[in-house]
Amino acid sequence: MSTLLSLSKEGSSGDHEGLTLKETRITPIRRSGSWTCVVVVLALALGLGLGLGLKKTSNTNYVTTNSSFLLDQNFVVTNITTTRYYEFVISEATGSPDGFERTMLVVNNQFPGPLIEVNSGDELVVNVFNQLPNGTTIHWHGQLQNGTNYMDGTNGITQCPIPPGMNFTYRFTIDPSQYGTFWYHAHASTQYTDGIYGPLVIHSPSEPIFGQYDRDVLVILSDWYDVMSSGLLTQYLGSAGIDGSNYGGVNPGAEPPPDSGLINGKMNGSSFDLEPNLSYRLRLINMGTLTEFMFSVDSHVLSVVEADGISLEPVNVHRVPIHVAQRYSVILTTNQTAGSYNVRGEMQSSCYKLSNPNLNTMVLATMTYGASPTTPNTQDWSDAIPALCLDLNSTMIVPQIAMDPPNSTDVVQIFMSFQQTTQSGGTQTLAFMNSTSWLADTTNPTLLQMSKAGIQTTFDSNQLVVVNDDITVFDLILNNYDDASHPFHLHGHVFWILGEGDGSYISGVSQLNTTNPPRRDTLTLPGFGWIVIRFITDNPGLWAFHCHIGWHMAAGLLMQFADLPSQIQQLQIPSYLSDQCAQQSGGVVAN
């Protein structure tokens, strides 16, 4: 057992004063007959040299978290809680995940970012240093943040962007009821599209599937663009759209199609070196911006056991559809003929409004066990699941711990659409929820507004906020006037999915299920369809509900729920959060 000392700072002033030494373990793990290490925390000055297929080795200045993405099997899963410290440095780097060299954004010079591994109930402290030329925030996707809404990391809602050259300490307790597969990412404009994202795994001996598999493996799926997202976003929002695709308002919201897809940060060439006759929990995370993936492994059955942190009754499939920001765990047993097999992340390009003729939609990695790596055969052993850009059928997502939702006490109905609008700067294509297109207030986030004004019910015209100071059971009815499906994420809550269908929701006619329905934090709203979810407003704070397609959120496809504003007054919001807002000069980062 060896140790790594990393610098940690309590607080958030713009310099590095008061840095103290923290100890973090580097535990060796067994991997295909050789020893390797999982680095849990990367010290600020550490210079690892693991290449990621860069075009020019002289510019190799980012590394993979772990070449195999195997989790540390010596991590102690326990109910005894502790505090876990991490240092994140957000910066620019030059890299080429798909062979095309470009400027990208990285965490600790890593892409994807470092793994965070904790137990339920642990306190997590992440000190984020911003070395970008503009502001940023980090959101902890799927974390309930009960009592710490101000640590949710949502630009314009729970905090202002961290100014360049400054740092912000995120400190919160992992909810004791949460376990499973999560992730973190930038939540300012489209920054995470350029590389600011990484995995967050929560262990617990209380997880129903704990002890039912031998090893853990991360499988990070993402789409990738060969230019910075900021330029694409300007073009996307403009009157002509991407390459003139807007056609005078006929095709609003047509997103830029990606240039490639990645598995664990590589277009092709990622490898999983496993051992025979073991069961592996593959933790699938879609960290993309636009693309739904269809995941499969040649000649292997996948047993789906988790969706967005909820343990499921196991169901065997050959392929798993996973939309942006969703997570699944599947159990795979290495009991086939020794050798190498294709791991497939098939990009569902039929969901795009625009095509990219140069895009190879079949992203491949290699899984090998019981033999030396070889070229896999090309057998695509998979179900004939149509590419509908939807989730697994709801009958396949049955929570192991049954929980019927309480009766609803209120209803909110939302209609989402894309429209061309005339602004002071010209014509723009914007996204709307009812009549509101969201715009982040980077100097006065809605949480701070509510904490100062009491039970505030009036906001700027670009903020759609549902306010309720009682614990309410909301039925949220979402109607989609767009032809494409949309992955919506609700911050700070786990919701029940009661039903979905084509067309518009009709009360009393559209069928709903209230018997142990699926529970998630990220849903898929069907194109020209509806979905109904139910959740309880028992978590004080301002919580975003938004489409997780990066282009759509930046275009305004976001609304908020203000839970229990009278209790928001009691939140212990750190002074450095307000201080950083006071330092914003306006326009540090858009949306």
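**Aromatic rings and nonpolar cores**

In this predicted model, Lys-353 sits over the face of Phe-418, 5.4 Å from the centre of the ring.

Turning to ring-on-ring contacts, the count comes to 20 aromatic pairs. One of them joins Trp-140 and Phe-172, with 5.9 Å from centre to centre and 50° between the planes, a tilted arrangement. This pair bridges distant parts of the chain: Trp-140 belongs to strand β8 (residues 138-141) and Phe-172 to strand β9 (residues 167-173), and the two are 32 residues apart. Both Trp-140 and Phe-172 are buried. They also turn up together in one aromatic cluster, along with Phe-88, Phe-168, Tyr-170, Tyr-184 and Tyr-576.

Trp-183 and Tyr-192 make an edge-to-face pair, because their planes meet at 80°, over the 60 degrees needed for that label; their ring centres are 5.6 Å apart. Trp-183 has a relative accessible area of 0%, so it is buried. Tyr-192 comes in at 5% and therefore counts as buried too, the cut-off being under 20%.

As for the nonpolar cores, the largest has 75 residues, and within it Phe-488 and Phe-545 touch the most other members. With neighbours within four places in sequence set aside, Phe-545 is in contact with Phe-488 itself, and also with Met-433, Leu-476, Leu-478, His-489, Leu-490, Leu-523, Ile-533, Leu-557, Leu-558, Met-559 and Phe-561. Another core, of 66 residues, lies apart from this one, and its members include Tyr-86, Ala-93, Leu-218 and Ala-544.

Methods:
Residues numbered from 1 in each chain as written. Predicted model: local features only at pLDDT ≥ 70, side-chain atom pairs only at ≥ 80, totals over all residues. Heavy atoms only, no water. Core = buried A, V, L, I, M, F, W, Y, C linked by side-chain atoms within 4.5 Å. Buried < 20%, exposed > 50% of the residue type's maximum accessible area, 1.4 Å probe, protein only. Contact = heavy atoms within 4.5 Å. Phe/Tyr/Trp six-rings, centres within 6.5 Å; stacked < 30°, edge-to-face > 60°. Helix = DSSP H or I, 4+ residues; strand = E, 2+ residues; numbered from the N terminus. Lys NZ or Arg CZ within 6 Å of the ring centre and 35° of its normal.
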